[in-house]
Amino acid sequence: MTPARAFLALGLAAWLAAPPSALALSLPEAIALAKRNNPALAQSRAQAEGADARLAQARAARLPSLTLSADAGEGTTDLGGFFGFRSADVSPRGAALEVRQPLFTGGGATAAITRAREAREAALAQVAGDRALLAAQAAEAYVAVLSAGEILRLNEAHVRQTGEIARQAELRFRGGEVPRTDVAQALARQAGARADLARASGDVARSRARFLSVVGAPPEGLEPLPSPPATPASLDEALARAERTSPLLLAAAAASRAADAGVRYAQAERLPNVALAATASTTRDRFFPGYRADDLTIGIQGRWTLFAGGAINGRVDEARAGARGARAALDTTRAQVREAVIGAWEEVETLRAVMGAAADQATAAASALDSVRNEVRVGQKPALDLLDAEREALAAQSALVAARGGAVAAAYRLNALLQGD
């Protein structure tokens, strides 16, 4: 294999294949790890669990309640001879058991349940959106580690190549074949290659730190990058799917419905509340020594606030303002999602085209490097042309690596906008 073909194969070999013993973590496994370890996702899950609890509380308002109250004490009472009782020690005791079943709440209980249920739907949509976003972030981190590592190896090879060219230029200068300028230019290009290698090394360190932050595990032994996940075939299909299943839109729509239910809940305060109540009580020594009384009552209890100084109207107005704000937020979210989907879909399409062009460019640059190397060997071109060809081949191969990784990351970003995970 010619040196140029070997240079091109260097990038492809590490990208497309790895020894079986090195395969430790695939992209799906990295995404699964991120979902288990990410604290932000754990926070959104906790918020969804809180929404579940609030829904259970709202539903409880329709169910009967059972209340037990009791008291006991020791004391002295002195009735001053009234009813023939004078000073005496008493042990007052009392207990009451009440069962209460709401019959009519003016629609408040129904509105509260609806509000809590929609808030729960919004929280669940938020969790789904956070999971999908985290999958995209994990994919980006995975891609970044692989790409940075591959570009580092390409730069290491470039440093070796420029070092060899500089050495050959020095030997030819000593033999009187080339001027001192060729040696200086070769050394300058070698120094530039070392600077590029230092930047590539820094990119590796940053990408590894980002991977550890997102995934929660070090990026050791990553499998080769898989193909990009499936995405909609057209922009219209992507927009239609986002309208149906986008987590951001689902959460905003549920929040708007919850706000509308909040208006009905506030308005219910203007109507009466009616409940069926049954109370059994027993009392000992409450008023007179030896006093006792047992009671059983079943009846209807009602409450109707006729005037509250404007407090109820204020709460209704506040709820209506919140509902208007929630509807405006839904419209804003719809526009933002549409814009984001268009941008993400175009990015996917662009990177697919770029990937094909980058592959052609890398092949052409490798072929050109082959030709220039042979021409320099027979003296048809100066060593500077070989250095230029080496740099172009490195840039083309690096662009191919970046385009392949970018296509995978862009597909995950688009899917995160379209549907929850």
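Q: In which element is serine 44 placed, and is serine 44 buried or exposed?
A: Helices (H or I, at least four residues) and strands (E, at least two) are DSSP runs, numbered from the N terminus. Serine 44 lies in helix H3. Buried means under 20% relative accessible area, exposed over 50%, and partly exposed in between, with a 1.4 Å probe and protein chains only. Serine 44 counts as buried because its relative accessibility is 5%. Its C-alpha atom is separated by 9.4 Å from that of alanine 128, which is 84 residues apart from serine 44 along the chain.

Q: What conventions underlie these values?
A: This is a predicted model, in which local features need pLDDT of at least 70, side-chain atom pairs count only at pLDDT 80 or more, and totals for chains, interfaces and linings use all residues. Residues are numbered from 1 along each chain as its sequence is written, and side-chain values use heavy atoms, with hydrogens and water left out.

Q: How many residues has the largest nonpolar core, and which element gives the largest share of this core?
A: A nonpolar core is a set of buried Ala, Val, Leu, Ile, Met, Phe, Trp, Tyr and Cys residues joined through side-chain atoms within 4.5 Å. The largest one here has 31 residues, and Leu27, Tyr142, Phe211, Val215, Leu222 and Tyr412 have the most contacts inside it. At least two residues of this core come from each of helix H2 (27–37), helix H3 (39–60), H4, helix H5 (180–215) and helix H9 (383–418). H4 provides the largest share, 13 residues.

Q: What span does helix H4 reach from its first C-alpha to its last?
A: The expected span of a helix is 1.5 Å times one less than its number of residues. Helix H4 (residues 108–174) has 67 residues and reaches 97 Å, close to the expected 99 Å. Glycine 176, with a positive phi near 80°, follows H4.

Q: How many bridges join strands E5 and E6, and how many residues of E6 are buried?
A: Two strands pair if DSSP finds at least two bridges between them. Strand E5 (residues 273–284) pairs with E6 in the antiparallel sense over twelve bridges, and alanine 277 stands opposite glycine 299 in E6. Strand E6 (residues 292–303) is hardly covered, with zero buried residues among its twelve.

Q: Is isoleucine 300 buried or exposed?
A: In a regular strand, side chains alternate between the two faces of the sheet. Isoleucine 300 is in strand E6 and counts as exposed because its relative accessibility is 58%.
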